[in-house]
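This report describes the surroundings of one helix and then widens to the domains and chains about it. The sequence and the structure are shown first.

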Amino acid sequence: MSLKQRVESDQQLARLLQIGIVLEEVAEARANNHRESLPEPDAELESLLAEAAEQSAAHRDQLETLIAGLAADSIPFDEIDALVEASYGQTKPEDFDGVLYDQLCNEETAYKFYDDLIEAIDASEATFSVDREHLLSVLRELRETEHDAVETVTSVMEERE
Amino acid sequence: MNTADQYLKAIYLIQQEDNSPAATGRVAEMLDVSPASANEMIGKLESRGLAEHEKYKGVSLTDDGIVQARDALQTYCIIERFLINVLDVEEFRAEARELESVIDGTVAERLDTIIDRKSECPDCFDPELDACGCLDVEPLEEAAAD
């Protein structure tokens, strides 16, 4: 279901960007956990997960820079890492397919989030404390890299079928 | 602005509470909109096969409407829990209402991996509390008076 509401204020935008940071932190922490607990060594998967974690950390930095312009706080990574750690036992994938599927969910969720957020900002005429064009260009860039990441994971999944 | 999902959620909760079709006036009251707005959206829900409206009785959700209402309620619960437990937001109800139509179910599911949601969700949702009944939060009146 697509977004049906506009982003109307700095506060709402800041909250949404905080959620984006948390999503990236969840993706980073889960990718690291997957890499450390693979049932057996797998160079391709290890490299994919390492790159995914690195990309999430870079996205987080970009979102944090935007949030700083809105005078809102970021969410410390160690807090989210601890929450992921606490629930990882119950939600841990059991095999390589599960790891890839979870990684696909991470990337697809981030893509969907940025896509919806861009649509909501586009639909709004509100003025934000950060430059609208800069904001949209950063979010579009993030969406593009998530799109590429979805394709990368999908092609690895297809190769392994 | 209230979205279709917010209407479905309201109708579902009223139906559960009254064990009968939801009166349009009650739906309008719960969502703080005019009866005319509520009638218009209920008409749209009917045309999408999500609700059935019977004159003088009220509106009932179809099976598809119930599924979508429960999904929307679950997403709302996830957002509320996330705002309380992770971001420590005091005005979590108002913010959850703002965010619920912006946050997609897929995104909510990912946030769900870091919150301690109960397996009975969304049946544990308490309309009086406008929050999950398992959460230790102030009732609405006290929260509003603060």
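## Surroundings of helix H5 of chain B

The cover over the buried residues of H5(B) includes helix H1 (10-36) of chain A, as well as helix H4 (63-85) and strand S4 (131-132) of chain B. Those buried residues are B:Phe92, B:Arg93, B:Ala96, B:Glu98 and B:Leu99. Buried denotes 20 or more other C-beta atoms within 10 Å of a residue's own, with C-beta atoms placed from the backbone. Helices (H or I, at least four residues) and strands (E, at least two) are DSSP runs, numbered from the N terminus.

The model is predicted: local features need pLDDT of at least 70 and side-chain atom pairs pLDDT 80 or more, whereas totals for chains, interfaces and linings use all residues. Residues are numbered from 1 along each chain as its sequence is written, and chains are lettered from A and ligands numbered from 1 in the order in which they are written.

## Packing of H4 and H5

The axes of H4(B) and H5(B) come within 9 Å and cross at roughly 135 degrees. Axes are lines fitted to C-alpha atoms, for helices over the stretch in contact, and angles run from 0 to 180 degrees between N-to-C directions. H4(B) and H5(B) are therefore oblique to each other, a term for angles outside the classes roughly parallel (under 35 degrees), roughly perpendicular (65 to 115) and roughly antiparallel (over 145). Their crossing is right-handed, that is, the near helix is turned clockwise from the far one by less than a right angle.

H4(B) contributes B:Tyr76, B:Ile79, B:Glu80, B:Leu83 and B:Ile84 to the contact, and H5(B) contributes B:Phe92, B:Glu95, B:Ala96 and B:Leu99. Contact requires C-beta atoms, placed from the backbone, within 7 Å. Seven of the contact residues are nonpolar, none polar and two charged. Ala, Val, Leu, Ile, Met, Phe, Trp, Tyr, Cys and Pro count as nonpolar, Asp, Glu, Lys and Arg as charged, and the others, Gly among them, as polar.

## Domains of chain B

Chain B is assigned domain 1 (4-66) and domain 2 (70-145), with bounds from an automatic or database assignment. Their centres, taken over C-alpha atoms, are 21 Å apart. Eight residues of domain 1 and seven residues of domain 2 form the contact. Helix H1 (residues 4-18) of chain B gives the most to the domain 1 side, with seven residues.

## Contact between the chains

In the contact between chains, 17 residues of chain B meet 23 residues of chain A. On the chain B side, helix H5 (92-99) and helix H6 (105-111) each supply at least two residues, and H6(B) gives the most, with five. This side comprises eight nonpolar, five polar and four charged residues.

Note on methods. Contact = placed C-beta atoms within 7 Å. Buried ≥ 20, exposed ≤ 12 C-beta atoms within 10 Å, placed from the backbone.
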